[in-house]
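Student: Could we go through this structure together and check what each label rests on?

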Amino acid sequence: MHPQRPLLAAFLSVTVALILTGCSSRFDPAASGPVTIPGVALSGTSFGGRQPVAGAHVYVMRANHSSYAGPGIAPVAGNLSNSLLTTGSGSDSVGEYVLTDANGKFSVSSDYACTAGDQIYLLSLGGKPDGTNNNTAIGLMAILGTCGTDFSSSTTVNMNEVSTVAAAYAMAGFASDATHVGTSGSALALTGIKNAFHTANQLYDISTNPYSAPNTSARTAIPNEANGGTGTVPQQQIDTLADILAMCVNTTSSGSTQCTTLFTNGKTASVTPTDTATVAILMAQNPSNTSVYNVSGTPPFTPYFNTAPANLTILLTFTGGGLNPGLGQQEGIVVDPTGNIWAAGVYGDFTGSSGGTTLSEFSPLGIPVVAGGITTLGLSYPNALAFDSTSSTLYITNSGNDSLVKYTVSGGAHTSFSTGPSGALDVAVAVDSAGDPWVANTTTAPWVQRFNSSGTLVTTPTGNGLNGSNMIAFSAGSLGNVWVANNGDSNISLFTNAGAAVTTTVIGQNDGVVIDASGNAWFSDMYNGTTKVNSSGGSPVFHGFTGLTGTASTSAIVLDGAGNVWSANDSFNSGVNTDNAICALNNSAANISGAHGYPPPTATTQPNAIAVDLSGNVWYDTGTDNKLYELVGIAVPVANPVAYAAANSKLGARP
């Protein structure tokens with residue numbers, strides 16, 4: 001049996017029911033209500049760079065579970081985080097706090113409580129970095145994690161600018177500012193924020209000793225990797241982000257030039273920051289805004305960039321789990337309700353007998369679930385994945401033998417049925433609200449086929465522009481319409497769920513399609529970037545976006561929870577991949593990822609497949625190496641998997 005399947009089975013049998021009813025998952029199945037857990041005593045330090053911050057207000061904060069905060073959401077009372085302390089040194093508009101002493105040390109008594117499953121973080125505001133002058137612009141954070149499981153009285157918490165960057169980027173999808181962090185009470189949302197808070201520990205160890213200078217920098221590698229996996233952390237990038245904050249933190253007044261410039265350059269349309277923790281959150285949400293860079297003198301955290309980096313992203317790199325070069329064409333990455341990342345690896349030229357045979361599964365933290373991946377499914381050049389709306393079944397297309405594998409994730413059982421004809425190259429699969437898988441073939445008709453869950457052919461749509469079909473998506477609701485992207489005749493085809501033709505539109509060489517909350521279809525184009533077509537088909541609403549200054553081929557496309565459109569772009573210019581990047585535009589088709597998008601680590605790395613998870617992280621693979629990449633906190637958390645979102649009218653929406 002698959003080593004994680006009992007855990008996922010339990011999740012699917014209990015939590016999916018909660019997802020469908022919208023109930024909170026913060027309940028003990030054996031109890032009648034939320035489980036309250038007594039607080040534990042905590043101690044730690046608040047440091048600005050290498051020096052203690054005296055007289056800072058330190059709060060124990062709980063992310064709220066009743067309303068969303070996050071990118072584009074103005075801070076309001078309804079999404080205010082809760083201060084849990086009931087006794088301390090005093091109280092203010094944020095809540096009860098304890099003060100740091102002359103050495104930056106603080107201690108919190110156990111006189112507070114939290115609810116099992118709550119996500120907890122520490123916030124330090126103000127203080128005297130020189131021991132005399134209070135700088136109200138100082139905001140530092142450190143994530144503790146899940147109440148009842150992730151921290152105890154033995155936990156020592158050291159806050160500085162690096163811990164703040166780690167916290168800010170991890171929680172960015174759920175934060176408007178340092179005191180407004182929250183999500184809804186749905187099971188998916190609570191899973192997403194839990195996974196997000198755990199991500200912070202991948203970037204920085206809060207137990208590091210602030211008095212030992214070499215140990216205050218970001219991590220270099222992901223801790224606790226298992227099953228042959230490795231994970232790399234961009235230490236120099238994180239330290240640089242921390243140094244940007246330190247330039248303000250280590251001044252004596254919020255009115256210093258360093259602070260006022262940072263706040264002016266870091267503000268957004270919905271948030272004007274007044275503390276450095278909020279600036280860090282806005283940096284995570286707007287990583288193309290490098291105007292905040294201002295590092296001078298001798299910065300406290302090294303290594304660092306002595307000029308502004310190309311962007312302010314934090315990109316993690318993972319290996320293992322059976323990844324192969326060319327992993328995942330088009331829909332090659334999907335996310336399940338636990339936040340796990342699934343990928344199928346295609347490599348070679350789609351022919352012969354030595355192609356990809358592996359299904360890879362990673363935890364929300366990028367750790368392989370099975371060493372070497374899952375190799376028992378009889379896969380042959382697998383290249384597309386789709387969960388059904390309950391997430392109990394995963395469908396995988398095989399372009400090597402023209403078949404579809406049905407994999408029951410809770411027990412590991414699988415069946416395979418032929419989709420034929422020979423050489424059709426099954427390149428896409430999507431599951432409708434009835435649980436029926438639809439398969440697209442890119443080289444031979446029938447171009448699109450609908451099967452039932454037993455593998456019996458139900459419908460074969462014909463005509464209506466079908467030719468070289470390579471992606472399928474469904475509009476929201478019961479028996480939603482079916483959109484098909486074709487590159488044979490540069491068509492997009494719209495059908496009813498019964499397979500009746502609705503309309504055809506000619507727009508370009510289409511590689512992917514997603515449907516937003518308004519029913520609009522967004523297509524990735526091999527030559528023209530991203531195209532938007534309204535819900536009834538017809539002429540494009542928007543056409544030609546690449547997000548880059550040069551020519552780009554958009555190979556895959558997904559939505560985040562705010563309806564923003566994220567694309568993987570891979571293109572050669574004179575034999576050099578100068579336009580390879582992850583790009584984004586908002587639902588009005590405005591570029592929100594800068595002139596060059598977010599390039600992969602090297603010029604020869606081609607982004608190929610892409611997914612946004614429950615925490616707002618963007619995951620992508622490439623056609624040129626055996627690695628999985630994660631852009632931390634860059635997007636808005638989105639309901640997953642796609643079939644669940646379509647069946648429950650949550651396409652392009654928060655969980």
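Tutor: Here are some questions about labels, each settled by setting a value against its definition. The model is predicted, and local features need pLDDT of at least 70, side-chain atom pairs count only at pLDDT 80 or more, while totals for chains, interfaces and linings use all residues. Residues are numbered from 1 along each chain as its sequence is written, and side-chain values use heavy atoms, with hydrogens and water left out.

Student: How many helices and strands are there in the protein chain?
Tutor: The protein chain has seven helices and 41 strands. Helices (H or I, at least four residues) and strands (E, at least two) are DSSP runs, numbered from the N terminus.

Student: Why is Ser 524 called buried?
Tutor: Its relative accessible area is 0%. Buried means under 20% relative accessible area, exposed over 50%, and partly exposed in between (1.4 Å probe, protein chains only). So Ser 524 counts as buried. Ser 524 sits in strand β33, residues 521–525. Across the protein chain, buried residues make up 62% of the 655 residues.

Student: What does the side chain of Ser 524 reach?
Tutor: The side chain of Ser 524 reaches the backbone nitrogen of Gly 512 at 2.8 Å. A polar contact is a pair of N or O atoms within 3.5 Å; within protein, one must be able to donate a hydrogen and the other to accept it, and residues adjacent in sequence count only if both atoms are side-chain atoms.

Student: Why is Asn 289 called partly exposed?
Tutor: Asn 289 has a relative accessible area of 23%, so it falls in the class between buried and exposed. Asn 289 belongs to the loop between α6 (276–285) and β16 (315–319). The side chain of Asn 289 also makes a polar contact with the side chain of Ser 291, at 2.5 Å.

Student: Leaving aside neighbours within four places in sequence, which residues is Asn 289 in contact with?
Tutor: Those residues are Asn 265, Gly 266 and Leu 312. Contact means heavy atoms within 4.5 Å. The C-alpha atoms of Asn 289 and Asn 265 are separated by 8.2 Å, and these residues are 24 apart along the chain.

Student: What makes α4 oblique to α5?
Tutor: Helix α4 (residues 235–249) and helix α5 (residues 257–266) pack at an angle of about 130°, with their axes 7 Å apart. That angle makes α4 oblique to α5, because angles under 35 degrees count as roughly parallel, over 145 as roughly antiparallel, 65 to 115 as roughly perpendicular and the rest as oblique. Axes are lines fitted to C-alpha atoms, for helices over the stretch in contact, and angles run from 0 to 180 degrees between N-to-C directions. Ile 244, Met 247 and Cys 248 of α4 meet Gln 258, Cys 259, Leu 262 and Phe 263 of α5.

Student: How do you know that strands β21 and β22 pair?
Tutor: Two strands pair if DSSP finds at least two bridges between them. Six bridges join β21 (residues 393–398) to β22 (residues 403–408), so the antiparallel strands meet that definition. Ile 396 stands opposite Val 405 in β22. The two strands form a hairpin with four residues between them, and Asp 402 in the turn has a positive phi of about 55°.

Student: How many bridges join β22 to β23?
Tutor: Five bridges join β22 to strand β23 (residues 414–418), and the pairing is antiparallel. Here the bridge partner of Val 405 is Ser 416 in β23.

Student: Why are Asn 224 and Tyr 381 put in opposite classes, exposed and buried?
Tutor: Asn 224 has 64% relative accessibility, so it counts as exposed. Tyr 381, at 2%, counts as buried. Asn 224 has a positive phi of about 60° although it is not a glycine, and Tyr 381 has a positive phi of about 55°, also without being a glycine. Most residues other than glycine have a negative phi, and most peptide bonds are trans.

Student: Where is a peptide bond cis?
Tutor: The peptide bond from Ala 445 to Pro 446 is cis, with omega near 5°. Pro 446 is in the loop between β25 and β26. Another cis peptide bond joins Asn 640 and Pro 641, where omega is about -5°.
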